[in-house]
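Hi everyone, thanks for coming. Let me put the model up, and then we'll walk through the space inside the protein and the surface facing the DNA.

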2 protein chains.
Amino acid sequence: MQEDPVIFVVDDDPSICQSLTWLIESVGIKVETFPSAAAFLKRHPHDGPACLLLDVRMPGLSGFDLQNQLAAAGRIIPIIFITGHANVSMSVRAMKAGAVDFIEKPFEDQTLLDTLNQSLEKDRQAKREQAEKREIKQRLGSLTAREREVFKRVVAGSLNKQIAFELGTTERTIKAHRARVMQKLQMRSLADLVRLAVKAGIGLKK
Amino acid sequence: MQEDPVIFVVDDDPSICQSLTWLIESVGIKVETFPSAAAFLKRHPHDGPACLLLDVRMPGLSGFDLQNQLAAAGRIIPIIFITGHANVSMSVRAMKAGAVDFIEKPFEDQTLLDTLNQSLEKDRQAKREQAEKREIKQRLGSLTAREREVFKRVVAGSLNKQIAFELGTTERTIKAHRARVMQKLQMRSLADLVRLAVKAGIGLKK
DNA sequence: TCTCATATTGTACTAAAGTACAATATGCAT
DNA sequence: ATGCATATTGTACTTTAGTACAATATGAGA
């Protein structure tokens with residue numbers, strides 16, 4: 001159904017990559033390593049749950065740069081920074097930008113593994129919700145412009161006759177549109193339709 | 001309508017309290033200072049937008065202790081730590097526990113003021129949503145046990161006859177309950193009722 | 001030109017919900 | 001005992017929504 005979890009390690013130091021790989025694979029989780037931020041950006045986004053172990057200081061793009069670029073590209077992935085030489089302002093900056101954790105070397109293996117598992121679980125959940133939202137948007141996309149208008153008003157609680165008046169047509173026509181909306185969106189009750197709209201974020205703005 | 005914004009400063013060093021007060025009052029925001037975490041906990045919770053400037057190291061309860069106690073008590077308030085002697089693990093711990101920022105002394109006045117204003121704005125929004133939720137829960141509390149059962153099923157999309165069967169009563173009775181639910185909750189359409197239920201977090205579990 | 005998706009509309013019926021004007025029953029607190 | 005909140009139920013009517021079986025109109029694209 002869903003792909004296996006993967007931990008991505010981005011660090012210019014091969015020995016770090018190697019030891020992290022050993023550690024994480026020892027508990028049965030897949031690992032992929034990248035020697036630079038640029039290399040990771042080239043990789044095709046992973047569909048399954050994932051987590052990024054990231055060094056701050058690297059030649060070329062820094063860990064922060066990668067964090068920003070991923071965020072800008074909408075590639076949401078939990079990031080755990082691991083670094084040897086850090087200061088408070090660096091860690092605060094990383095955390096404010098959404099990092100899950102910021103770990104100094106040396107660290108306890110078990111601590112990292114615990115954080116990793118928590119992050120994977122959260123990512124699993126986030127991916128599920130993301131997939132659901134995509135699914136909903138897709139079905140919403142199958143509506144015609146007119147149907148969408150009717151949909152919005154039905155969900156807002158308008159009566160068919162009110163909608164008909166607003167759209168300058170007859171109640172009978174609204175019934176036709178409404179029936180098609182219910183069919184296309186595979187909803188069986190108004191309550192379900194409203195919940196779908198809420199999930200899709202319709203009706204929030206004003 | 002709503003109380004004025006207030007910045008709370010908790011620091012055992014009176015000179016810090018004094019200088020922060022001068023700085024913040026210079027831009028027209030009220031300040032209240034406390035020499036200890038315990039002193040702050042005694043204060044009556046503030047209804048308007050607020051923000052807490054908190055020292056980490058203090059005699060008695062530490063800044064972290066205060067942060068945890070506030071969280072445990074459900075007193076949500078944006079916290080900005082200000083400290084002179086910090087390390088990475090302290091700052092990460094604070095940020096993971098939900099702090100808005102973690103600032104080392106010395107700092108730029110304007111930086112603090114900017115963060116302060118952002119935090120106040122977020123808190124304003126959070127308080128608004130919190131008040132709305134309270135309002136909803138209050139109205140839901142005015143329902144009788146039976147009415148709540150009907151409410152849940154209506155919102156789930158059941159027909160009156162189905163609800164009647166499930167509750168072992170007649171459709172006519174359900175209509176009566178349903179009408180009272182709509183009246184008590186001041187909702188005029190099923191769509192509104194469903195949205196209310198979603199906001200109240202009903203129908204999530206299971 | 002012909003087809004297809006889309007929008008529109010009609011009639012007539014059924015199903016569901018809402019409403020008006022009720023009455024009855026039960027249990028708890030004063 | 002009496003009042004009050006709550007739950008229950010009835011009849012009858014109106015309003016909405018849904019559905020079956022349609023037809024018509026229009027514009028875009030093959």
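The count of cavities of 30 Å³ or more comes to one. By cavity I mean a set of points, on a 1 Å grid over the protein atoms alone, where a 1.4 Å probe fits but cannot get out; lining residues have an atom within 4 Å of a point. Its volume, about 30 Å³, is the space filled by probe spheres set on points joined across faces, edges and corners.

This is a predicted model: local features need pLDDT of at least 70, side-chain atom pairs count only at pLDDT 80 or more, and totals for chains, interfaces and linings use all residues. Side-chain values use heavy atoms, without hydrogens and water, residues are numbered from 1 along each chain as its sequence is written, and chains are lettered from A and ligands numbered from 1 in the order in which they are written.

Among the lining residues are A:V9, A:I16, A:L53 and A:D55. Seven are nonpolar, none polar and two charged, counting Ala, Val, Leu, Ile, Met, Phe, Trp, Tyr, Cys and Pro as nonpolar, Asp, Glu, Lys and Arg as charged, and the others, Gly among them, as polar.

Now, which residues come nearest to DNA strand D? Of the 16 around it, they are B:T144, B:R146, B:T169, B:R172 and B:H177, where "around" means a heavy atom within 4 Å. Sugar and phosphate make up 62% of the strand D atoms that come within 4 Å of the protein.

A polar side-chain atom of B:T144 sits 2.5 Å from a phosphate oxygen of strand D, while A:K175 places one 2.8 Å from a base nitrogen.

Terms used: On a 1 Å grid over the protein atoms alone, a cavity is a set of points where a 1.4 Å probe fits but cannot get out, and a pocket is an open set with protein on both sides within 12 Å along at least five of seven lines; lining residues have an atom within 4 Å of a point. A polar contact is a pair of N or O atoms within 3.5 Å; within protein, one must be able to donate a hydrogen and the other to accept it, and residues adjacent in sequence count only if both atoms are side-chain atoms.
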